[in-house]
Amino acid sequence: MENLVEIKKLSKNYFNKKALDNLDLTIEEGKVLGILGPNGSGKTTLIKILTGLLRQSKGEVLIDGHKVGVYTKSIVSYLPDRNFLYNWMTIEDAFKFYSDFYSDFDLKRGEELLDFMKLGKDMKITSLSKGMTEKLNLTLVLSRKAKLYILDEPIAGVDPVARDQILDAIIKNYDSNSSMIITTHLVRDMENLFDDVAFLKDGEVILKGNAEELREEKGKSIDEIYKEIFSE
Amino acid sequence: MGKYMKYEIKGTYKVILGILAIVLIATTVLYNYTAKNESSLIIALASLLIFGTFLSAFLYIVGSFRKELYEDRGYLTFTLPLTGNQILGAKLIVAFMWFLILGAITVSYNIFMMAKTSGETINFKELLSLINSSEIISFAIMILISGISTLILIYFSMALSRVTLRNRKIGGMWFIIFLILSAFIAWIQMKIVTISPYYINLKDWSIVNSNISALFQIEIDNASLMFSTEDYFYINIAGFITNIITGIILFLGTGHIIEKKIDL
Amino acid sequence: MEFNDNLPIYLQIINYLKRRITSGEISGGDKLPSVRELSSKLKVNPNTVQRAYQELEREDLVFTKRGMGTFVTEDDDVIMKLKKDTAKEVISNFIAEIKGLDFDDDEIIEIILNEIKKED
């Protein structure tokens, strides 16, 4: 299968601190990759480089054969770990914004998802709770028919009901023609979504592989492997 | 880019209209409650109001660019499939448009109020010929161009301070960069004006050399970009061109930084 | 369905479906839920369900009709074989445990017969 994302010898330094160190990673077309690691392991730094919000210090990143730029931004659908919509917007405005800028935005899918998340179009962005914001952001991101979805901590800090809705939405709208990268430290809740996993520690990939093979080989769940790696 | 302009307008119009509403109310109060015989006081206060309008709009626009660089909204703006130049261009055009609208409305409202309180009818023909005169138009264009190039310089300074200082949120750093760059650009401009002292007369488009011309009734000590005599308005050609080129370079530089260098 | 930690998810899905076939909950010729439906119900990656279906197809327990979905085999022999295989597995587990209680073969058979009578 083709690799949609190729990351070669990627490093990122902040002054003297190494955030990413000589990282190699590939993502196949049609696969869901879980990037697992505690806060500060370099997950968000990696994601920001893929989305063009950060520049690498060394190494190369290719998405669909292109360097990060206007083209890759048009095929990557990105869910940041924060409320990134403009404060003046209503949900309706946010929908229009997405369909104006992303030609792959599917309005019908968006409206179905919005319904599923029990959100109304006339709501103001600033009036939403943390869980609602997360659900809205995910609705927008999943309503694009993108080649690559990048979800940064999609269920962190939301209540269990919203968490289930979010997981459901991800599974229902995941399309096997596209790839997905999900970062999380809540491994137990999400591990069944992953085809492949990569464990990130201090900016390095210390273990990666097919999730099922790792389960079989180690006789453990991904969550248990995670705890084993990061408990020391 | 047109689409981005649309959202830039949607995001800023409420504050701009708010500023406009406040200044129109203040102008109305000013003309109605200040003693009629104190016309010089009225003119001074009215000018102050117009200046205040521009300053608050300017600060608001500058502040909203800063938010893109330092707050979460940048995650949306800078992951859009747009080039840095498109984002920056849209922001500048919208800012330009607001200044134009604010200027046109406040000035014409002042003229209207002046006529109304003094009891005279407005002589539109006279007014129109005044506006139509080439020096007024040229002067307005010059003001707008220097306003826009100041804005570009501020954007450039902010983007540069964001890139060099990364995540450290030192509030005034961009302002220091801005002052240094302003001084540097002014110095270059002065050099160029000295080297090429040719001025264009905006009334009859004649070109004069300030070093040899006896036309000038006032003494020009320092090499200035523009000056006016009682009848004429002069702009230094080389200086003006430098101004525009500097603006373009800073524009492209800022576009490059926000597309290729920004670290959020 | 609760997942067990130390087995690959696709194997657990296979076992889950096999149990439902052997118990008669799903009969021969029945349509299985679509990959998307099942993945959404079990909250697992669709690729994992897809893999489970592929394995079942390799074992001839299910077959795919293009554009129609995945169906349980109509061949009773295959289902019977699955039942027998499952039975063998259950019995061998049982025997291993009961042998640990130190009964001889006749005693074991007697206990089983008594228990089956009680059930009836």
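**Sheet of chain A**

I began with the open sheet of chain A, which has 6 strands in the order β5-β6-β7-β3-β8-β9, and I noted that the pairing is mixed. I recorded β5 (76-79) and β9 (204-210) of chain A as the edge strands, since each pairs on one side only. I then looked up the twist: neighbouring strands of this sheet are turned by 15° against each other on average, with direction ignored. I kept in mind throughout that this is a predicted model.

I reminded myself that strands of a sheet pair through backbone hydrogen bonds, either parallel or antiparallel. I next examined strand β3 (residues 32-36) and strand β8 (residues 196-201) of chain A; they run parallel and are joined by 4 bridges. Within this pair I located A:Leu36, which stands opposite A:Phe199 in β8(A).

**Helices on the sheet**

I checked which helices pack on the sheet and entered two of them. Helix α5 (residues 130-142) of chain A touches β5 and β6 (148-152) of chain A. I noted that the direction of helix α5 of chain A makes about 175° with that of β5(A). Helix α9 (residues 222-230) of chain A also packs on the sheet, where it touches β3, β8 and β9 of chain A. For helix α9 of chain A, I recorded a direction of about 15° to that of β8(A).

**Positive phi in chain A**

I looked at A:Glu153, which is not a glycine yet has a positive phi of about 45°. I placed A:Glu153 in the loop between β6 and α6 (160-173) of chain A. I entered A:Glu153 as buried because 21 C-beta neighbours lie inside 10 Å, and the cut-off for buried is 20 or more.

I then turned to A:Asp202, another residue other than glycine, whose phi is positive and near 45°. I found A:Asp202 in the loop between β8 and β9 of chain A. I entered A:Asp202 as partly exposed because the count inside 10 Å is 13 C-beta neighbours.

**Confidence in chain B**

I read the average pLDDT of chain B as 82, with 83% of the residues scoring at least 70. I found the lowest confidence of chain B in helix α5 (residues 124-132), at a mean of 67. The highest is in helix α3 (residues 74-77) of chain B, at 94.

**Annotated span in chain C**

I consulted UniProt, where an unreviewed entry lists residues 7-75 of chain C as "domain: HTH gntR-type". I recorded this span as 51% helix and 12% strand, with its end C-alpha atoms 29 Å apart.

Definitions and conventions
Residues numbered from 1 in each chain as written. Chains lettered and ligands numbered in written order. Predicted model: local features only at pLDDT ≥ 70, side-chain atom pairs only at ≥ 80, totals over all residues. Pairing = 2+ DSSP bridges. Helix = DSSP H or I, 4+ residues; strand = E, 2+ residues; numbered from the N terminus. Axes fitted to C-alpha atoms, helices over the stretch in contact; angles between N-to-C directions. Contact = placed C-beta atoms within 7 Å. pLDDT = per-residue confidence, 0-100. Buried ≥ 20, exposed ≤ 12 C-beta atoms within 10 Å, placed from the backbone. UniProt positions renumbered as here; feature names shortened; annotations may be inferred.
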